[in-house]
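Here's a quick briefing to read with the structure open beside you. Take the topics in any order you like.

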Amino acid sequence: MKNNEFTPKLLTLLKEGISKKQITKDVIAGIIVGIVALPLAIAFAIASGVSPEKGLITAVIAGLTISVLSGSRVQIGGPTGAFIVIVYGIVQTHGIGGLTIATFMAGFLIIGLGLARLGNYLKFIPYPLIVGFTSGIAIIIFSSQIKDFFGLQMGEVPADFVEKWKTYFLNFQRINWTALAIAAGTVFISLNFNKITSKIPGSIVAILLSTIAVYFFELPVETIETKFGEIPNQISLPTFPNIDFATIQQLIQPAIAIALLGSIESLLSAVVADGMIGSRHRSNMELVAQGTANIFSGLFGGIPATGAIARTATNIKNGGRTPISGIVHAIVLLLIMLLFAPVAKLIPLSCLAGILVVVAWHMGEWHHFIALLKSNRMDVIVLLTTFCLTVFFDLIIAIEVGMILSSFIFMKRMSESTSIKNAMSYFKPEVDNGEHLFEEEIPNIPKGILIYEIHGPLFFGASQKFQEVIKDLKQEPKVLILRVRHVPFIDATGVNRLKEVYKNLQSRGTTIIISGANNNIKRELLKMGVYKDLGKYNICNNIEEAIQQGKKIIQTKE
């Protein structure tokens, strides 16, 4: 491992030196991203079932921490849409206090993943699974905004997806047309304002126009102030949550869900950023940064945070190339919170709903979803299973089942790639890492020797096939040579199956010889006691040695 694996990118760049020109670009990018992050931080908090200032606190505290410690040059951190589902569920079940503790616990779990150097492996999450739960989250975010989007005069919205839509349909006659106009206008401006200029985000323009219209014309729509009251213009001192073993037992599953989702999304964001700027992030340092950010977010009463792909892309497009832009983004949000909280409370909820509908549309990536439906059957199964479980049941269950299903499919594909065949029928002239066998040698092989060749890994997914093939031998030779030169690895189950086959054949008078095992396989056979069972002379380096050993065994038996 490289010595700088756990060194923040900011420290590395400061040592190398950052030009004044680049610092200027980073400051400008940071200001723009800070403005873009303002409505998102508020909207994500409200959609998650918490008060708006918690989103701002998270964007400031976690955003600053992530930029200072990040393993990426340009990562922008804060609350994201992916967490809405989890956070809302935790708040409904365990309250705000439970959310704070779960966020705090998740931070330590993420740091643990980083210190265990699992950052590189988390990026191997199957793509159909990611698209499945991401699209499912997009549907849930969209569904959660229908009440505010249409200004429906109704009570609390049910958490269950089906019940939620039943309630909406029962109350659609109570539409607030002013709220609907504001929401629809927000969607239109957010999607199309970049045709006028890409320097100013359309969401900011929509918020300014709708807030001014509501304030001066006293439009009859619900605002942040009418629902949540004043937005605090200060950040309270950190408080250490009271955690005991019973609390840990209750919140460990939500904490694991936050940790996994936060880790996956932050690393995906870092990978996307690498592709945009031609850089390479430090995965494990990124996880340490994300974990630390969530700990601090929990201490200050915030919500879970992770790397935000859209804000990171905005940072890059506006010239950000160092963590300075992320630090500036957090400072800008802090200044807005301190100075403009009285104005932010006037933002209409229908405008924020419109912004979240746009977020859901972009998050869904429906063109990828449709493309995956045309791929192979196994990938479609993972995609639809994860999607449906996310929408109709629970994101945690969706990820767990999706990973298990993906693992079984992977095992099936790997086992199918492993073949065990009678090698006597297809020997050809060859030279392969000391494995020599020419056609003229075949007639010299004694009649009592049978050779089988295994291609592919001999792991638990393929070991059953191996055992069945060997058990179904149509002849009972005196010596069975297993040629494993094309077996890259063997696991404990494969070794155990090998021992079972050895015992079974030994009882029938057949001796097994292993030929061509690589050093890793030999090491596993030694550790698991196979050398003792088979005898060290029956584990040969190449086929010639194996045949000679087979001849000796036959002569001994005769």
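A residue counts as buried when its relative accessible area is under 20%, and as exposed when that figure is over 50%, with partly exposed in between. By that cut-off Glu453 is buried, because its relative accessible area is 1%. Keep in mind that this is a predicted model. The structure holds 9 salt bridges, and Glu453 takes part in one of them, with Arg483 as its partner.

**Strand E7 and its neighbours**

- Strand E7 covers residues 479–486, and 7 of its 8 residues are buried, so this strand is mostly covered.
- Strand E6 (residues 449–455) runs parallel to E7, and 6 bridges join the two.
- Strand E8 (residues 511–515) also pairs with E7 in the parallel sense, this time over 5 bridges.
- Want a residue to follow across the strands? Try Ile481 in E7, which is the bridge partner of Ile451 and also stands opposite Ile513 in E8.
- Helix H21 (residues 492–507) joins E7 and E8 in a β-α-β unit, and that unit is right-handed.

**The Arg483–Glu453 pair**

- Arg483 and Glu453 form a salt bridge, with their closest N and O atoms 3.9 Å apart.
- This pair links distant parts of the chain, since Arg483 sits in strand E7 and Glu453 in strand E6, 30 residues apart.
- Is Arg483 buried or exposed? Arg483 is buried, because its relative accessible area is 0%.
- Glu453 is buried too, at 1%.

**Other salt bridges**

- Side chains of opposite charge can pair when their charged atoms come close.
- Glu5 and Arg117 do this through their side chains, at 3.0 Å from N to O.
- Glu5 lies in the segment before helix H1 (9–16), while Arg117 lies in the loop between helix H4 (84–115) and helix H5 (119–122), so the pair ties together parts that are 112 residues apart in sequence.
- The two ends of that bridge get different labels: Glu5 counts as buried because its relative accessibility is 9%, whereas Arg117 counts as partly exposed at 35%.
- Over in helix H21, the side chains of Glu500 and Arg497 meet in a salt bridge at 3.8 Å, N to O.
- Glu500 and Arg497 are 3 residues apart in that helix, so about one helical turn separates them.
- Glu500 has a relative accessibility of 32%, so Glu500 counts as partly exposed.
- Glu225, Glu230 and Lys345 are linked in a network of salt bridges.

**A buried serine in helix H12**

- You'll find Ser263 in helix H12, which spans residues 245–277.
- Ser263 counts as buried because its relative accessible area is 0%.
- Which residues touch Ser263, leaving aside its neighbours within four places in sequence? The contacts are Ile110, Leu113, Leu122 and Leu287.

**A nonpolar patch on the surface**

- Ile331, Leu335, Leu338, Leu339, Phe340 and Val343 make a nonpolar surface patch of about 550 Å².
- Leu338, one of the residues in this patch, lies in helix H15 (residues 324–344).
- Leu338 counts as partly exposed because its relative accessibility is 35%.

Notes: Residues numbered from 1 in each chain as written. Predicted model: local features only at pLDDT ≥ 70, side-chain atom pairs only at ≥ 80, totals over all residues. Heavy atoms only, no water. Buried < 20%, exposed > 50% of the residue type's maximum accessible area, 1.4 Å probe, protein only. Helix = DSSP H or I, 4+ residues; strand = E, 2+ residues; numbered from the N terminus. Pairing = 2+ DSSP bridges. Right-handed = clockwise from strand over helix to strand, strands pointing away. Contact = heavy atoms within 4.5 Å. Patch = residues over 30% accessible without salt bridge, like charges linked within 9 Å, V, L, I, M, F, W, Y side chains within 5 Å. Areas by Shrake-Rupley, 256 points an atom, 1.4 Å probe, with all protein chains shown as cover. Salt bridge = Lys/Arg side-chain N within 4 Å of Asp/Glu carboxyl O.
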